[in-house]
Every structure is written in C-alpha cells, then in structure tokens.
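This briefing is meant to be read alongside the sequence and the model, so please keep both at hand while going through the points.

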Amino acid sequence: MPSYTAPVKDMQFVLHDVLKVTEQSVPGYDELEADFTSAILEEAGKISSEVLQPLNVVGDTEGCVLENGVVRTPTGFKAAFDQMKEGGWTALDCDPEYGGQGMPYLLGVAVGEQFTAANMAFNMYQGLTHGAYSAIHAHGTDEQKATYLPNMVSCDWTGTMNLTEPHCGTDLGLMRTKAAPQGDGSYKITGQKIFISAGEHDMSDNIIHLVLAKIEGGPEGIKGVSLFIVPKFMVNEDGSLGARNGATVGSIEEKMGIHGNSTCVMNYDDATGYLLGTEHKGMRAMFTMMNEARIGVGLQGYAQAEVAYQNAVVYANDRLQGRDVTGDKNPDGPADPLIVHPDIRRNLMDQKSFVEGARAFTYWGANMIDQHVRADDDAAHGIVSLITPVIKGFLTDKGFEYATAAQQVYGGHGYIEEWGMSQFARDARITQIYEGANGVQALDLVGRKLAQDGGKHVMAFFEMVKSFIKENGGSEDYDKAFLDPLKAASKDLQAAGMYFMQNGMKNPNHALAGSYDFMHMFGHVCLGLMWAKMGKAAMDALEGGASDTNFYETKIATGKYYMARQLPATAMHLSRIESGADTVMALDAANF
Ligand SMILES: Cc1cc2nc3c(=O)[nH]c(=O)nc-3n(C[C@H](O)[C@H](O)[C@H](O)COP(=O)(O)OP(=O)(O)OC[C@H]3O[C@@H](n4cnc5c(N)ncnc54)[C@H](O)[C@@H]3O)c2cc1C
C-alpha cells in the first residue's frame, strides 16, 4: 500500500523563506505567521495521511455506482467528507460573510495540495464546489449569494461545472443546450451535458450545477452563451429544500482513473435555472470558475507526482538490485539498494526538482491572486492571467511524466496494481485533458495571452526575471549555478516570442505549430526562476546561521540539478519553434 506524508517543511520553506508572506502588505497575510501555518498544515497533513490516503485505493477499486438515479460513492467517502466539513476545511479561504474563515487563497492552495496528493478523486467534490462558490461569489446577485453560498461554503451543497456536450468540448460555440425565459426571471434549461465531474453523488444534500446554455434568439456561437444556476433540488424561500428539479444523471462513465469521482452524463429536461451574471456573457462568468479550476488542475498534476515520488524514494531505498559501480554500499547484503544507481538517482532527482519547483510556482501564482483580490494589484492579475495556462499545461504534462517515472523505479512491480503506483499515473493522466486539453492551453498562451493588453504582461514577466537576476547577482557559485542558466533560458524564451512576432503575422501556423513548445519553455523558465529564488533563500538561511543545514543544503543541491539538467530544455524547444510550421504541415491529411 502506498503512503503519503505531507511535506510541511517544504511548504513552510516556500511560504516563509521564499515568499516571506508575513512581510507582504496583503490584507490577511499578517495572520500567516510560521507557527500558525505550520499548525494548519500539520493538522491537514494528519487528515491527508490518516483519512484520505487510505481511501485512495478504495476509491480506485470500488469506483462510483449508479443505482436508481443515485450515485453511490466508494465506502468511506461520505464519512470522510463529513469529517472535512466538521473540521471546517471546506470553508478555509471562503468569505466570512457566508460562513467562511477568510484565510488567504494561498493557504487554501497549500492545504489543497495535501488533500489532492492524498486522494485526488475525493478532493474534486470539494474543489468543484469551491469553483462554483467563486463564480457565484463574483457574479451572483445578493439574493443568489445569500441563497447558495453559506451551504456551499459548508459543502452541505456541492457544485459542478457543466460545459461539455457530446459534440462540443473545446469549441463551446457549438453548444446546443437551450435556455427558455419564463417571464418570472427563471429559465427552463434543456439539453445534455457529458463528462460532468461530481454531477451526481450521495455526499451532499443538494447539488448546485452551473450550466452553460444558449438563450433562445441570442447571438450565434460563443457570444450567445449564458451561465445558469440549476439546483438539483429547488430551494424554497425559507431556504429549505423543495421539489426535485429536472436535472438528472443519465449514466456514469467507466474511465482510466479517478474512479472515486463520479463522471456523469447530465440530462436537463425543462430544468429550472437562474441566470448567473449577464445574458450572453456566460463565458466571462464561467472563466472565474475555469481559471481557478486550471490552477487546481495544475496542482493536481504535481501533487500526483509528489505522492508517487515519495513512494518511489522508499522503494529505491528498500529494493536490493545490483551493485554500486564505485563499490558496494551494502556489503553484508546480497545486493545494494536501487538508490545507489546513477540512473535511478537521475530519475528521482528529475521528480524531486520538478515537484518542489512546481510547488513554488503554484504558490507564487496563488500569492499573486491574493495580491490582486485582496490588495487590488492589477499587475499581479496580469501575470496570473499570463501564467495560468502554463500552470495548467506544463505542470500536468510533467506531473504525469513524473508519476510514470516514479512507477518506473518499481520496474514490473510499478505496473502491478498491488503497489498502487499505477493509480497515480492513471489519475494524473486526466489532468492533461480536462479543464481545456493542454494543446488548447498552449493555444491560449500563444494566441491570446502573449498579446494581451499590448504584450504588457509578458514584458512585465521578463522584467521581473531580469531584475531578479540584477538584484541577486554577485556571488560566483550562485551566479554560475543559478543565475547564468536562468539568464540563458529566459533569453531563449524571448527569442521564441520574437520568432512568433516576426513570423506569426505572415502565417499563423508558424506560431501555433510552436505553441506547445513555447508553453513548456515558459514552464521551465518559471521553474528556473523559482529555483533561483529557492536557492537564494536557502543560501541566505545558511548564511544567517540556520540550524537545519541539511535541509537547506539539500534545497541548493536540488536547485542546482534543475538548473543543470532540466532548464537547458529551453534550447531544444527554441530550436523546434524556429524550425517553423513547414515540417509540421507538410503532409496531406490523407498521408497520415
Ligand atoms: C474524467 C473527466 C472529467 C471531466 N469533467 C468535466 C466537468 O466537470 N465539466 C465539463 O464541462 N467537462 C468536463 N470534462 C470534459 C473535458 O473538459 C473535455 O473532455 C476537454 O475539454 C476536451 O474536450 P473534448 O473531449 O470534446 O475534446 P475535443 O474538443 O474534441 O478535442 C480533441 C483534441 O483536439 C485538440 N483541439 C481541439 N481544438 C483544437 C484547436 N483549435 N487547436 C488545436 N488543438 C485542438 C484538443 O487539445 C484535444 O487534444 C471532463 C472530462 C473527463 C474525461
């Protein structure tokens, strides 16, 4: 059976040594003293390893079952969900006006990483509810907020997002679900949505579906899409639950992973819905949920890699195979442990340096969301908007890659279900697909985000890297190990941006054929920047006389590995991008 231990010390390092949260003038951050965050993270860690992780395999093997229109979640899920609710974990970063605890989003993300690493399928029930909560919070009327939010903060009612239809996934303009105005402010929603996560289940009293649909007579395509609140049970004026609405589950999907989360076909038959936000501006409202979900999915990617890595390390230390080529390390045993072999170490270092960099990157993004939401920092918002597809696309591609790399450490035993490594890989795989498949994230980055607001945000990003390098240079070892590689990678990224500017106008294929490479380059530069920050923070801590020298020296060594072995990937990506679209587009469709 695999295990999970929350890496609280690593999390604390990012929050306090790197981001220095309490020194920031963001309202609410003054509460994030190291003792306080450590207490929260330790407590969440206990639930993660003692309650959620043991249920991970149960969820995988039992899956969800649809019986008489009701979806039964795996054994133990409901009790664990109740425990999360009672502990207030679902309300951590929600608005106190609706029963939340008002903690910064950053803290919610750190706790969410633990729950997700321990049991991704389980945590999706709460994660989707949080996304729906945020959309209603941002776009709802006062009455809608009062009606739905308190119950969603407590997770007595859970939430869903309904975009996908059988013939329309990425291209939502093709949507067919209709909304007919009833003259009393409500609408009748009719249509079918597929692949709806947590669409039906037995863990909450009500389910609040956020459904995209087209109001009859509205504009064609994506411009005619509106967003509706469609409750499973109607809500009476006094807040009690009333009649069953016409929102029902048709079937649930058999799938590769996340078996503990129900993936539903949802049928809306004249279901009563209420407009959320403005008519025909549904995508704007849904994007509040989708942007949050994209960061949550990026987190899912690296969280699966983290738990897989933790188990791979244990195995690499236990499993005896072969001898260290430089001399026996376990002379009394029949063989040395796997961890002596350079190739096993390469694999583990790839995983470790990715996961820790990804954590810093995600917390850095969450920190900027707080800066925007709590301190009205528009520049931070611009950077978050730019890097959201990178968090989603890069961290999930790499998260899956490293979940399978951890499986590789087990050899054949990694492929056998008994060890649990296959589940991490299977669960991680969906992260590359949902919330906008990764190819579409790359398209968003290159096609939209780079040029957004006249390219202001990408320029601000480059400026940020440049000034970090300028402000922190001067020590030979640090410059050589951290700043020089970061400088080179950032130069590659700028050269790719320049290539798109010079060639993308003439032929958009030149930009789009390189978009995936660009997303990965961008991800590497972001992780390079994070490692430069972490390396500096660790060196400062050592210079300041920190007692745990092993912890900080390990950080520096891991950072040096990333800079030396991972960051140079930007050169390969640049070379591919600069080869343009000709080789990509050379074949006729018939010749594939
Ligand atoms: C387990 C699971 C849970 C899900 N949960 C939800 C949910 O809760 N709510 C919800 O609404 N949906 C959900 N989805 C749906 C998911 O978001 C979609 O499957 C995904 O967005 C892709 O849509 P599609 O499957 O129709 O693929 P398509 O849109 O047909 O795309 C197929 C492939 O083509 C690529 N592609 C498409 N258009 C372009 C383009 N213009 N340029 C380049 N490449 C392109 C895509 O990247 C993809 O690789 C879920 C799916 C699964 C499997």
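What follows covers a ligand site and some helix packings, grouped by topic.

The structure is a predicted model, and the values below are therefore computed from predicted coordinates. Around the ligand there are 19 residues, of which Met161, Leu163, Thr164, Thr170 and Phe195 come nearest. Among the helix packings, α2 is roughly parallel to α4 because its crossing angle of roughly 20° falls under 35 degrees, whereas α15 is roughly antiparallel to α17 and α3 is oblique to α5.

**Ligand surroundings**

- Thr164, one of the residues that come nearest to the ligand, has an N or O atom in its side chain 2.7 Å from a nitrogen atom of the ligand.
- Thr170 is also listed among the nearest residues, and a polar atom of the Thr170 side chain lies 2.5 Å from an oxygen atom of the ligand.
- Ser197 places a polar side-chain atom 2.8 Å from a nitrogen atom of the ligand.

**Helices α2 and α4**

- Helix α2 (residues 34-62) and helix α4 (residues 105-118) have axes that come within 7 Å and cross at roughly 20°, which means that α2 runs roughly parallel to α4.
- The crossing in which α2 passes α4 is right-handed.
- On the α2 side the contact includes Phe36, Ile40, Leu41, Ala44 and Leu52, and these belong to a group that meets residues of α4 including Leu107, Val111 and Phe115.
- Sorted by class, the contact of α2 with α4 holds 12 nonpolar and 6 polar residues, with no charged residues.

**Helices α3 and α5**

- Helix α3 (residues 77-86) packs against helix α5 (residues 120-139) at an angle of about 50°, and their axes are 11 Å apart, which makes α3 oblique to α5.
- The crossing of α3 and α5 is right-handed.
- From α3, the residues Phe77, Ala80, Phe81 and Met84 make the contact, together with Phe122, Tyr125 and Gln126 from α5.
- The residues of this contact of α3 with α5 comprise 6 nonpolar, 1 polar and no charged.

**Helices α15 and α17**

- The axes of helix α15 (residues 515-543) and helix α17 (residues 569-578) cross at roughly 155° and come within 9 Å, so that α15 is roughly antiparallel to α17.
- In passing α17, α15 makes a left-handed crossing.
- The contact is formed by Asp517, Phe518, His520, Met521, His524 and Val525 of α15 and by Ala569, Thr570, His573, Leu574, Arg576 and Ile577 of α17.
- The contact of α15 with α17 divides into 6 nonpolar, 4 polar and 2 charged residues.

Notes
Residues numbered from 1 in each chain as written. Predicted model: local features only at pLDDT ≥ 70, side-chain atom pairs only at ≥ 80, totals over all residues. Heavy atoms only, no water. Axes fitted to C-alpha atoms, helices over the stretch in contact; angles between N-to-C directions. Helix = DSSP H or I, 4+ residues; strand = E, 2+ residues; numbered from the N terminus. Parallel < 35°, antiparallel > 145°, perpendicular 65-115°, else oblique. Left-handed = near helix turned anticlockwise from the far one by under 90°. Contact = heavy atoms within 4.5 Å. Nonpolar A, V, L, I, M, F, W, Y, C, P; charged D, E, K, R; others polar. Near = heavy atom within 4 Å. Polar contact = N/O pair within 3.5 Å; in protein donor to acceptor, adjacent residues only side chain to side chain.
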